[in-house]
Amino acid sequence: MRGSYSKQDVLVRSQSLINQTLRNLIPEEGLDGIEQQISIYGTNRKGFWGDLIEKYGYGLENDNLASADFHEAGIELKSTPLIKNKSGAIRAKERLVFSMINYMTVVDETWETSSFLEKNRLLLILFYLYSKEANLLDYPIKHFKLLDLLSDLSESDVLQIIDDWNHIVKRIRAGEAHLLSEGETAYLGAATKARDSNDTRPQPNSPVPAKKRAFSLKQSYLNVLVQQLSGKDTSESLNKQNEPAKTIRQLFEEKIGALVGKNEEELATLFEIDIKMKKPKNFRRLLVNIALGVRSNKITELIKANMTLKVIKLEESGKLAESISFPVFKYMDIIHQRWEESGFYKALTERSFVFVIFRKQEGTIVLESFRFWSFPAEDLEEAERVWRLTVERIKTGQADDLPKIRDSRIAHVRPHARNASDTLTTPLNGEQVKKCFWLNAKYIEKSLNK
DNA sequence: GCATGATCATGC
DNA sequence: GCATGATCATGC
């Protein structure tokens, strides 16, 4: 069977698999044996579902050859789980991981000659709906997406993925593989594969060993794909139809870069906004949205990239007045979490920011610049210290006395609530006002000036 | 002037 | 109703 599919065959076959389950697809005489394997290995055996769908969904024999699954059509098949959250919405359960990054050899590749492109030039992503309670034989297939990385350069996603690949490889060439983080790139990330911090690999241009990493499509990227495939995507793209595709960086250069040097009043006039009315709290964000050509804060490219747009204002001296907040944590949850699974850790390592920077100047406020920023890996240890201190205090009945701004050069804990009666339960200190981690304004300011 | 606590404002 | 971005208010 292997190799006899054309691209069209693969698409037709995939369409026919929608809403099917393995139980529907596996012939009766094969089911017993597979059920037995499930009872031995459990339902979480990695890749098992993917192996079975190749065989029973597409009639491909399992092998370990490095060449594409559908040899003839040059298509690589990747299966990835979806999960329903409490409110019933469907999202990607995890990132989609490709092969390991070989730091030693990838530095000699270009995108065109890369082993990544060689293996994944035509990517068929199959989404199935996982459920903790269900048998894996009963996971329904929900969507599929064919991504042509080789020739679909008009597709902005592909452009961005190439940009990301180049960024990652550039870092490795610079001897900075140990400083990589997933948040540095937009859609294609360098996800850690290491079980612990000793699980490392050598890199060519530095003696420092680096954590094992693999290329991956980010969970946030898959989430938007799924929304789009199911017709539920309400975000607005910065890439306009009939215009050439651009990367996120190019889009900001074009749309924000062009307005650098203009002040609030000039921007308001340009956009025909009546500024005589009282300025709302998010006035500059509104200006930025208009500049970007969107009407809401849901911007497709930024959601895909797990990137937060922050509009900040510097004092005349260049000082940043306000710290930057993260989502509120639950006292009762955080005490049971490991650092690596905490919301703060994930926000720091997987999220990134684009800052649009205004600055006070001679009685007005001027659009000064924009900057892409992600949390530097070398500062993770200090963030971890603040997090551990926070957890320790909550556990020991000091939830009313959490790390303050002077306790760390990087982060602190502060309220983030509607008002003083907007509280959550603590283990030993009763109800306390909702709080979250904040990155110190001074730390951000210094980091942006680097 | 800054740390800290508190709240406003908006959109989902 | 709530999460989140953004900023205000107070007191040392």
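This report walks through the overall build of chain A, its domains, its core and the surfaces near two DNA strands.

The model is predicted, so to speak of local features a pLDDT of at least 70 is needed, side-chain atom pairs count only at pLDDT 80 or more, and totals for chains, interfaces and linings use all residues. Residues are numbered from 1 along each chain as its sequence is written, while chains are lettered from A and ligands numbered from 1 in the order in which they are written.

**Overall build**

Chain A has 16 helices and 17 strands; these are DSSP runs numbered from the N terminus, with at least four residues (H or I) for a helix and at least two (E) for a strand. The radius of gyration is 24 Å, which agrees with the value near 22 Å for a compact globule of 450 residues. That figure is taken over C-alpha atoms, and the globule rule is 2.2 Å times the number of residues to the power 0.38. Along the principal axes, the C-alpha atoms fill a box of roughly 75 × 55 × 50 Å.

Of the 450 residues, 29% count as buried. Here, buried means 20 or more other C-beta atoms within 10 Å of a residue's own, exposed means 12 or fewer, and partly exposed is in between, with C-beta atoms placed from the backbone. Among contacts with a separation of 6 or more, 69% join residues 24 or more positions apart; a contact needs C-beta atoms, placed from the backbone, within 7 Å.

**Domains and core**

An automatic or database domain assignment supplies the bounds: domain 1 (7-229), domain 2 (234-304) and domain 3 (306-448). The C-alpha centres of domain 1 and domain 3 lie 32 Å apart. Their contact takes 8 residues from domain 1 and 10 residues from domain 3.

The largest nonpolar core has 89 residues, and Leu-124, Ile-125 and Leu-126 have the most contacts inside it. Such a core is a set of buried Ala, Val, Leu, Ile, Met, Phe, Trp, Tyr and Cys residues joined through C-beta atoms within 7 Å. Strand 4 (residues 122-129) gives this core its largest share, 7 residues. Beyond four places in sequence, Leu-124 touches residues including Val-10, Ile-75, Leu-77 and Phe-144.

**The DNA side**

A residue is near a strand if its C-beta atom, placed from the backbone, lies within 6 Å of it. By class, Ala, Val, Leu, Ile, Met, Phe, Trp, Tyr, Cys and Pro are nonpolar, Asp, Glu, Lys and Arg charged, and the others, Gly among them, polar.

| Surface near | Nonpolar | Polar | Charged |
|---|---|---|---|
| DNA strand B | 6 residues | 6 residues | 6 residues |
| DNA strand C | 3 residues | 4 residues | 7 residues |

Around DNA strand B there are 18 residues, with Pro-280, Ser-296, Lys-404, Ile-405 and Asn-419 the closest. Strand 14 (residues 411-415) gives the most to that surface, 3 residues.

DNA strand C has 14 residues around it, and Arg-285, Lys-310, Val-311, Glu-322 and Pro-327 come nearest. Helix 11 (283-292), strand 10 (307-314) and strand 11 (324-329) each give two or more residues to this surface. The largest share, 4 residues, comes from strand 10.

Ser-323 sits in the loop between strand 10 and strand 11. Ser-323 is partly exposed, with 17 other C-beta atoms within 10 Å. Leaving aside neighbours within four places in sequence, Ser-323 is in contact with Trp-438, Leu-439, Asn-440 and Ala-441. Ser-323 and His-412 are 89 residues apart in sequence, yet their C-alpha atoms are 9.3 Å apart.

Definitions and conventions: Two residues are in contact if their C-beta atoms, placed from the backbone, lie within 7 Å.
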